[in-house]
Each structure stands twice: as C-alpha cells, then as structure tokens.
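User: Please take a close look at one part of this model, a sheet with the helices around it. I would like one connected description that I can follow along the chain.

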Amino acid sequence: MTEFLTALVCASEKSANIARACKQEETLFQLLVQEKKGSEKNKKFVSDFKTLADVLVQEVIKHDIGKKFPGLEDYIFGEESNQFTNSLGEKINVEVCATETETAELLSKVLDGNITAAKLLARIVHHDVSMKDPALEKVKVDIPQDTMAVWVDPIDSTFQYIKGYADEKPKDGIYSKGLQCVTILIGVYNRSSGLPIMGVINQPFVTRDPDSLRWRGQYFWGLSYKDINICSLQNQDANAISQSTDDQHEDPRWNEDLQPRDDNLSAVISTSENEAIKTALSMLRLYYAAGAGYKSLCAVQGFVSVYLLSEDTTFKWDCCAPHAILRSLGGGMVDFRECLKRIKDGNLDELPELIYNTPVNGATGVDRWANKGGLVAYRCPKHLDTIMNIISKVNLGE
Ligand code: 2IP
Ligand code: CA
C-alpha cells in the first residue's frame with residue numbers, strides 16, 4: 001500500500017504543479033476557461049466553468065495511476081469530461097499521449113496554437129514527481145486492488161481558481177475566499193461497501209514567495225481500512241506515531257491528542273447556506289469559506305468542529321478524499337438530513353455515513369452523484385452530536 005498511497009500523493013503533486021503553472025501566466029489562463037453546459041453544470045452556479053487545468057489534471061491522475069496499477073484506470077471516476085472545445089469550435093479530447101511531443105501537439109490545439117504554453121504544460125505532465133515522505137513509507141497495509149475505485153475532483157473551487165485572489169487574509173487560519181480555497185481531491189473507496197478507504201487533499205496555493213511570486217502548497221493524506229487508521233497529520237499534530245511500523249495498528253480514534261482541543265464549538269459553512277441554519281449556528285464560532293474540499297480540510301485540520309451543508313450541491317468527488325482522511329482521524333462525513341432525522345427519532349447510534357458507489361435514484365447528469373441529503377464533516381463524534389442537537393431544535397422552514 002505504501003506504493004499505492006505514494007502514487008496518489010505524487011499524482012496530486014504533479015496536479016498541483018499543473019494548477020500553479022496554468023495560474024502563473026494570466027494571458028495563458030484566459031485561453032483555458034470554458035463554460036460548462038447542460039447536465040455537466042452545477043445548478044448552484046449561474047454559470048459553471050471548467051478549465052483546461054481541471055481536464056488535464058483529471059487525465060494525468062487517471063493516466064499515472066492507471067500506468068502504475070493496470071486495470072484500475074477503468075475505476076477512476078471524475079468530475080470532468082475530457083472533451084474541450086477551442087475557440088474555433090473544434091472538439092478535442094484531452095489526454096496524456098505516449099510522448100511529451102505528442103501531448104504538446106494535442107494541447108496546442110486546445111490552446112489555439114500557442115505551442116510555447118503547450119510545451120510548458122506537456123513538460124510538467126511528463127515529468128515524474130518523486131516523493132520522500134517517511135510517514136508514507138510506514139503505511140504497510142494490504143488492500144486488494146480489485147476492491148478499490150477512485151473519485152477525483154481535479155480542481156475543487158474552480159470559481160476561486162479562476163478569480164485567483166492572492167491577497168486574502170485568513171481569520172483563525174480560515175480563508176473565506178481566494179486561491180487558498182482551491183484543492184485537488186483524490187479519494188479511494190471500496191467498490192462493494194462504498195466506504196472511503198484512503199484520500200489525498202492537495203492544496204496547491206498556500207503561501208506565496210514575495211520576491212518570485214511563486215506559490216507553495218501542501219498535502220494531507222489518510223488511510224482507514226479495517227482497524228488501521230493512519231494520517232499524515234498524526235506526525236505534525238501530536239507526534240503520535242512512533243518509529244515502529246506496528247504502531248500503525250494503534251487506532252487514533254482513541255487518541256485524545258488527535259481530537260480538536262477546542263471545546264468552544266465552531267462550524268464552517270457556505271455563504272449560500274440556508275438562513276435558518278446560519279442563524280442556528282451563529283451561537284457557535286461561525287466561519288464562511290469557499291470550496292467544499294477546502295471547508296472539509298478545515299475540519300480535517302481541526303480549525304473547526306464541523307463543516308455543514310444542508311443543500312445537495314456537493315458530489316461524490318468533493319467528499320471521498322476528505323471523508324477517508326476524517327475517518328482515519330476518528331471522524332467522518334454523514335448525510336445531514338438523515339442524521340437530523342435520526343437525531344429527532346432519538347436513534348443516532350449508527351451514523352449515516354456518505355457512501356460512494358451508489359448513484360441517486362432517478363437522477364441524470366452530474367446529479368446522479370450528488371450528496372442528496374447534504375453533509376456534515378467532523379473529526380470528533382461528540383462535537384457532531386452536540387451540533388446536530390442544536391440544529392434539531394430549529395425550524396428549517398421545510
Ligand atoms: C464546488 C466548489 C464550490 C462549492 C460546491 C462544489 O465544486 O467546491 O465552491 O460551493 O458545492 O460543488 P461553496 O463554495 O458554496 O461551498 P467545483 O468548484 O469543483 O465545481
Ligand atoms: Ca468540486
């Protein structure tokens with residue numbers, strides 16, 4: 001498993017390089033933006049965009065993982081279709097070709113003949129990223145490849161990516177908008193149970209060097225399989241994992257040091273959240289932030305007790321990776337409406353975790369993979385319980 005998780009992290013790092021490269025050159029970036037239409041479109045937005053970065057990143061992840069783990073490429077699913085239309089109206093299927101030169105030629109068609117930009121991107125696409133992460137090397141778990149499938153969100157918060165605000169100031173570590181809200185999400189789930197197993201969240205834009213104006217990013221990973229729970233944050237947060245490989249069998253669910261220390265409950269929500277929920281949560285420390293992946297990351301990092309969304313505007317690819325990481329930390333991601341119902345019925349013994357292998361009955365297009373009942377992402381089950389109890393007292397006006 002070391003190899004598999006390392007491959008996911010490497011793919012996310014290569015993807016982050018592509019995301020940063022596409023952003024670096026504003027004129028190039030303008031060429032890349034294309035509006036999504038029809039069933040591809042998220043109904044939440046008046047217009048919904050995909051960028052060449054989204055499409056290329058998704059193809060790179062599919063290609064790199066599929067090459068290392070043959071057979072898995074047919075089980076890697078993503079948000080984007082790989083078709084792109086250039087300004088001449090030509091439809092082009094973006095893919096990683098056998099050689100850098102061929103990829104550059106293909107990309108130059110999408111980039112209206114801009115061969116310099118195409119070559120630059122092709123170089124990154126074909127440049128192998130290697131990784132020295134001692135924590136990753138300790139992950140010795142055997143998971144049969146044919147039980148796994150993957151959800152990819154190549155660029156979450158495309159809107160913030162396109163806007164590209166670089167000078168936002170965080171409040172208690174949380175950015176309400178800006179490039180910091182952009183994430184790349186790769187989540188692995190079990191094909192038959194639909195439960196998440198492992199995930200990588202890559203945040204390509206975290207700090208910017210004031211002289212070179214170049215961005216640096218960071219990544220987080222987690223694995224939760226049978227009784228094994230291991231997460232990149234364990235080393236940073238609490239130094240909880242010792243050098244022995246056997247320690248990965250210690251379940252961090254019981255490690256208090258890994259739980260958010262703040263008893264002062266908090267939540268992060270979308271600015272478009274239902275007013276009744278906003279009012280109910282205003283008794284907590286309440287933050288607003290863009291990006292489903294980024295808000296989940298705030299819960300992963302323990303910046304907030306929960307990320308809560310009452311609407312159906314996130315999808316499987318938004319949640320699988322953060323959900324796996326939260327599970328590895330003793331938390332999870334549940335269906336908001338089902339959770340509310342069970343709490344009202346006094347029956348929250350079993351949590352309604354989100355699952356990733358079942359489409360929404362009768363839905364079409366992207367809505368097939370929507371998280372229909374909304375979601376709550378949490379690290380500490382006790383905090384989830386308290387916050388859901390608060391919400392259960394509120395009339396949501398439905
Ligand atoms: C979006 C993105 C949005 C989010 C929406 C997601 O994914 O994360 O930011 O809305 O739910 O589906 P909000 O920021 O209001 O939470 P994408 O950018 O990949 O379409
Ligand atoms: Ca998304």
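Analyst: What follows describes the five-stranded sheet and its helices, then the other sheet for context.

The model is predicted, so local features need pLDDT of at least 70 and side-chain atom pairs count only at pLDDT 80 or more, while totals for chains, interfaces and linings use all residues. Residues are numbered from 1 along each chain as its sequence is written, chains are lettered from A and ligands numbered from 1 in the order in which they are written, and side-chain values use heavy atoms, with hydrogens and water left out.

The protein chain holds 13 helices and 15 strands; helices (H or I, at least four residues) and strands (E, at least two) are DSSP runs, numbered from the N terminus. Of its 398 residues, 57% count as buried, where buried means under 20% relative accessible area, exposed over 50% and partly exposed in between, with a 1.4 Å probe and protein chains only.

The sheet in question is open and has 5 strands in the order 12-11-13-15-14, with mixed pairing. Two strands pair if DSSP finds at least two bridges between them. Strands of a sheet pair through backbone hydrogen bonds, either parallel or antiparallel. Strand 12 (285-288) and strand 14 (332-334) are at the edges with a single partner strand each, so one side of each has no neighbour in the sheet. From one strand to the next the twist averages 20°.

At the strand 14 edge, the partner is strand 15 (residues 375-378), and the two pair in the antiparallel sense over 3 bridges. Within this pairing, glycine 332 stands opposite tyrosine 378 in strand 15. Helix 11 (residues 316-328) lies across strand 14 and strand 15, running at about 125° to strand 14. Angles run from 0 to 180 degrees between N-to-C directions, and axes are lines fitted to C-alpha atoms, for helices over the stretch in contact.

Next come helix 12 (residues 336-344) and helix 13 (residues 381-392), which pack at an angle of about 80° with their axes 10 Å apart. The two helices are therefore roughly perpendicular to each other; angles of 65 to 115 degrees count as such, under 35 as roughly parallel, over 145 as roughly antiparallel and the rest as oblique. From helix 12, Phe336, Cys339, Leu340, Ile343 and Lys344 meet Asp385, Met388, Asn389, Ile391 and Ser392 of helix 13, contact meaning heavy atoms within 4.5 Å. These residues divide into 6 nonpolar, 2 polar and 2 charged. Here Ala, Val, Leu, Ile, Met, Phe, Trp, Tyr, Cys and Pro count as nonpolar, Asp, Glu, Lys and Arg as charged, and the others, Gly among them, as polar.

For context, another open sheet is formed by 6 strands in the order 3-6-7-8-9-10, also with mixed pairing. Its edge strands are strand 3 (76-78) and strand 10 (228-231), each pairing on one side only. There the twist averages 15° from one strand to the next. Strand 6 (residues 148-156) and strand 7 (residues 183-190) pair in the antiparallel sense over 7 bridges, and tryptophan 151 stands opposite glycine 187 in strand 7. Helix 1 (residues 2-24) lies across strand 6, strand 7, strand 8 (196-208) and strand 9 (215-225), at about 30° to strand 8.
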